[in-house]
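Reader: I would like to learn how to read a structural model feature by feature, with the general idea ahead of each case. Could we begin with the idea of a contact?

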Amino acid sequence: MPGSGPKYYPCVLCNKRTKPHERRSINKSVAKYLKKNFLITYKQEDKICNTCRHKYYVQETRQSSVVQHILSDDEEYAPPAKRRSTVLSSPPSVSLSIPSTSKSHSYCFICKKPGPKLIVVPSQARFSAFLKKEVIIPAGCRCCPGHLTEDNFTEDAISKINCTNDNVILNRSSIMDLLKKLRYTALQNEQSRIDFDTDKVLSDSDFINLTGINKDNFNDLHSYIKNTVRNTPTRSTRTSLGIFLFKLKSGISNKVLSTIFNISRSSLRRAISCVRQALVKNFVPENLGFKHISHDDVVNLHTRPLAQTLFGDGTNTQAILVLDGTYMYIQKSGNFHFQRRSYSLHKGRPLVKPMVVVTTTGYFVTVLGPYLADCKNNDAAILKHMFNTNVEDIKEWVQDDDIFVVDRGFRDSLELLDDLGIKAQMPSFLTKGQKQMTTDEANASRLVTKVRWVVESANARIKRWKYLSHVLPNKQVPYIGDYVCIVCGISNKYLPPLSPGCANEEALAAKMLYLSKRVNTLKQRVEEENLERRKTIWKEPDNHTLDDFPVLDEEDLRNITCGVYQLKLSTSYIQEHLEGNCQILIHKEDEHLIRVKLQSRHVSSKTYILWIEYTSAEITAWYCKCRAGARVVGVCAHIASILWYLGYARHNQDISYGVQNWGAYLEDAASIPQAVDESDSEESVVEE
């Protein structure tokens with residue numbers, strides 16, 4: 001980083017950074033050698049590395065020994081007299097006879113007459129100084145030198161000058177600077193596998209695959225670090241940023257990255273560390289944290305109309321935030337105290353927990369922590385710690401009647417949120433001995449999950465950066481928070497929102513609110529008529545039995561389910577019953593009511609019983625015995641699967657069910673056949 005750390009001492013010959021024990025001063029003999037062979041005029045503070053100095057002495061020793069051996073045989077040889085040492089200085093300018101036309105002619109700067117030779121007016125001339133550049137005129141032009149007056153060099157005359165010459169005036173110093181730059185660039189790009197410095201090497205899709213962002217976003221992100229991270233002979237600032245993003249995106253080890261980028265592992269570690277510090281300092285504060293965005297911007301720009309309709313009071317001034325903790329897995333520590341505090345009983349492994357706060361569109365407001373993972377650091381305790389310590393001035397940011405959408409892990413913090421004037425929306429609980437939620441509880445829980453799913457997708461977006469989904473070494477624990485904040489900042493600035501909303505969101509929210517106040521009439525009928533205990537005749541579904549079941553399209557199914565998650569599970573449910581060892585069994589209660597038995601996807605020994613009421617045109621009611629099956633705001637996955645199969649899939653022969661059964665490629669120890677007792681075989685009977 002510029003302005004910090006020890007001074008950079010490159011070798012004057014090989015330009016390699018010299019360590020203190022390898023650094024050598026330049027004496028007169030070495031200086032003469034450098035000037036003669038490399039045209040290098042050293043300064044007093046210049047240094048030479050021990051390797052280059054050793055090569056000089058070896059070469060000088062060999063040359064002097066060979067010359068002395070040859071000349072010693074000549075009796076008439078007399079050594080030449082020593083010359084007086086002279087100080088060589090670069091001339092003020094050097095003219096290069098580069099022709100500007102095919103006839104090797106150059107044109108006068110003033111009158112445009114051609115001439116075979118060039119006269120370089122040095123930079124000390126007063127007219128050149130007036131023009132602020134060196135002037136080239138042909139030797140054959142005699143009139144122009146006499147007419148070089150300041151009156152001739154008006155702004156209008158200068159603007160009419162046609163600069164068509166390709167002549168370049170260089171001195172020795174500028175030539176050496178050019179060669180150094182070429183050498184510097186060659187060292188950076190020597191045998192490089194991936195080049196982030198040239199825009200034409202990698203396409204836009206290549207940038208997305210390697211770094212997670214496109215080329216324009218990469219260039220913009222580079223602007224945050226180019227003044228902080230310095231170039232080195234082996235990597236530029238763009239290469240350092242590419243290494244950092246490639247590391248996060250792929251999760252590849254430093255050994256493999258060293259091979260890919262042809263850079264030593266120590267240089268890789270320095271690049272990753274420098275870029276991380278620069279992004280945390282310059283990039284993250286502008287794109288993450290309660291201070292980077294105002295309360296009004298969250299309400300107006302990052303709140304879905306569906307969430308405002310479901311939970312708002314109609315004023316559209318409430319900020320709706322969704323909170324959840326995510327997990328970053330780490331190694332088991334040899335420090336027993338830290339091992340106990342970082343071990344999660346819930347996950348059964350050591351980890352740390354960042355607390356993620358997002359809006360209903362998936363925009364990251366802030367990421368706090370990471371926190372420890374023991375019982376004293378559950379979600380409720382972390383939320384209390386946030387307000388008790390007023391982290392990032394959260395108390396000043398949050399306003400009265402703001403809404404926090406949380407899961408059941410925050411139940412112990414509800415009282416604190418109520419004292420602060422914050423409304424909490426959380427799914428309902430099953431009380432002790434209760435097997436199924438009531439209709440009101442199931443409906444309220446569905447409203448919460450309709451909004452809260454976005455935080456789960458936000459956590460999944462973080463884990464798409466593979467480095468954060470791996471088990472991190474304990475040496476990286478101090479920097480986990482930095483990595484998560486950088487990834488979230490990149491998501492905010494360069495990636496699209498997770499849930500931008502749709503045109504009919506307000507209508508959908510109004511429908512869900514209306515349904516949430518209704519009762520499940522079919523549940524009441526099942527309980528009053530005791531339908532569950534009636535005699536049943538289970539049959540497989542066929543077209544003759546269910547010829548009056550309504551035909552549904554995808555739009556009808558989405559209107560019934562109020563979402564797509566249950567429909568995505570339907571194909572896998574039906575696949576198991578059509579291709580597996582279980583069946584879909586149906587019993588007709590009456591002309592327009594069927595009872596269905598369906599296998600649980602979690603427990604092999606458990607089945608669910610559900611009822612569906614219908615007419616020839618529509619589905620009128622439903623009820624399932626599962627935990628959330630009494631709701632009327634949408635349906636559970638079991639009812640959605642039956643509706644999808646009976647009303648849609650069985651009428652479309654091109655429908656594919658579920659996914660491929662990868663278990664067919666694995667061995668099953670339970671399928672070993674029993675050994676046959678050969679004594680019971682008729683072939684083993686021998687006639688006496």
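Author: Contact here means heavy atoms within 4.5 Å. With that cut-off, and leaving aside neighbours within four places in sequence, Pro350 is in contact with Tyr329, Ile330, Gln331, Lys332, Ser342 and Tyr343. Please keep in mind throughout that this is a predicted model.

Reader: Where does Pro350 sit, and is Pro350 buried or exposed?

Author: Pro350 has its place in strand E10, and because buried means under 20% relative accessible area, Pro350 with its 17% counts as buried. One of its contacts can also be followed through the backbone, since the C-alpha atoms of Pro350 and Tyr329 are separated by 6.2 Å although the two residues are 21 apart along the chain.

Reader: What does the chain look like as a whole, in terms of helices and strands, before we go further into strand E10?

Author: The secondary structure of the chain comes to 26 helices and 17 strands. Of its 688 residues, 40% count as buried, while the accessible surface comes to about 40,100 Å², of which 50% belongs to carbon and sulfur atoms. Among contacts between residues at least 6 apart in sequence, 66% join residues at least 24 apart.

Reader: How should I read strand pairing, and which strand pairs with E10?

Author: Two strands are taken to pair if at least two bridges are found between them. Strand E10, residues 349-359, pairs with E11 in the antiparallel sense over 5 bridges, and within this pairing Met355 stands opposite Leu368 in E11. The two strands form a hairpin with 4 residues between them, and Gly362 in the turn has a positive phi of about 95°. Strand E11, residues 364-371, has 6 of its 8 residues buried, so it is largely enclosed by the rest of the structure.

Reader: Which other strands form a hairpin, and through how many residues?

Author: A hairpin joins E14 to E15 through 2 residues. Strand E14 covers residues 585-590 and strand E15 covers residues 593-599, and the two run antiparallel with 5 bridges joining them; Leu585, for instance, has Lys597 in E15 as its bridge partner.

Reader: What is the general idea behind a nonpolar core, and which residues have the most contacts inside the largest one?

Author: In soluble globular proteins, nonpolar side chains tend to be buried together. In this model the largest nonpolar core has 68 residues, and those with the most contacts inside it are Leu221, Phe244, Leu279, Phe364 and Ile490. Helix H21, residues 480-494, gives the most to this core, with 9 residues. A second, separate core of 34 residues includes Tyr573, Ala637, Tyr645 and Tyr648.

Reader: What is Phe364 in contact with, once its sequence neighbours are set aside?

Author: Beyond four places in sequence, the contacts of Phe364 include Leu288, His292, Val356, Val357, Val358, Ala458, Ile462 and Cys488, and Arg461, Ser491 and Asn492 are also among them.

Reader: How is a salt bridge recognised, and how many are there in this model?

Author: The rule asks for a side-chain nitrogen of Lys or Arg within 4 Å of a carboxyl oxygen of Asp or Glu, and by this rule the count comes to 16 salt bridges. One of them is formed by Glu505 and Arg304, with the closest N and O atoms 2.4 Å apart. Glu505 lies in helix H22 and Arg304 in the loop between helix H13 and helix H14, so the pair ties together parts that are 201 residues apart in sequence. Glu505 counts as buried at 1% relative accessibility, and Arg304 is buried too, with a relative accessible area of 9%.

Reader: Which parts does the salt bridge of Asp324 tie together?

Author: Asp324 forms a salt bridge with Arg452, the closest N and O atoms being 3.3 Å apart. Asp324 lies in strand E7 and Arg452 in helix H19, so this pair ties together parts that are 128 residues apart in sequence, and both residues are buried. In another salt bridge the side chains of Arg595 and Glu589 meet at 2.6 Å, N to O, and Arg595 and Glu589 are likewise buried. Salt bridges that share partners also join Arg525, Glu529, Arg534, Asp590 and Glu613 into one network.

Reader: Finally, which residues make a nonpolar patch on the surface?

Author: Ile175, Leu178, Leu179 and Leu182 make a nonpolar surface patch of about 370 Å². Leu178 is found in helix H6, residues 172-189, and counts as partly exposed at 46% relative accessibility.

How values were computed. Residues numbered from 1 in each chain as written. Predicted model: local features only at pLDDT ≥ 70, side-chain atom pairs only at ≥ 80, totals over all residues. Heavy atoms only, no water. Patch = residues over 30% accessible without salt bridge, like charges linked within 9 Å, V, L, I, M, F, W, Y side chains within 5 Å. Areas by Shrake-Rupley, 256 points an atom, 1.4 Å probe, with all protein chains shown as cover. Buried < 20%, exposed > 50% of the residue type's maximum accessible area, 1.4 Å probe, protein only. Core = buried A, V, L, I, M, F, W, Y, C linked by side-chain atoms within 4.5 Å.
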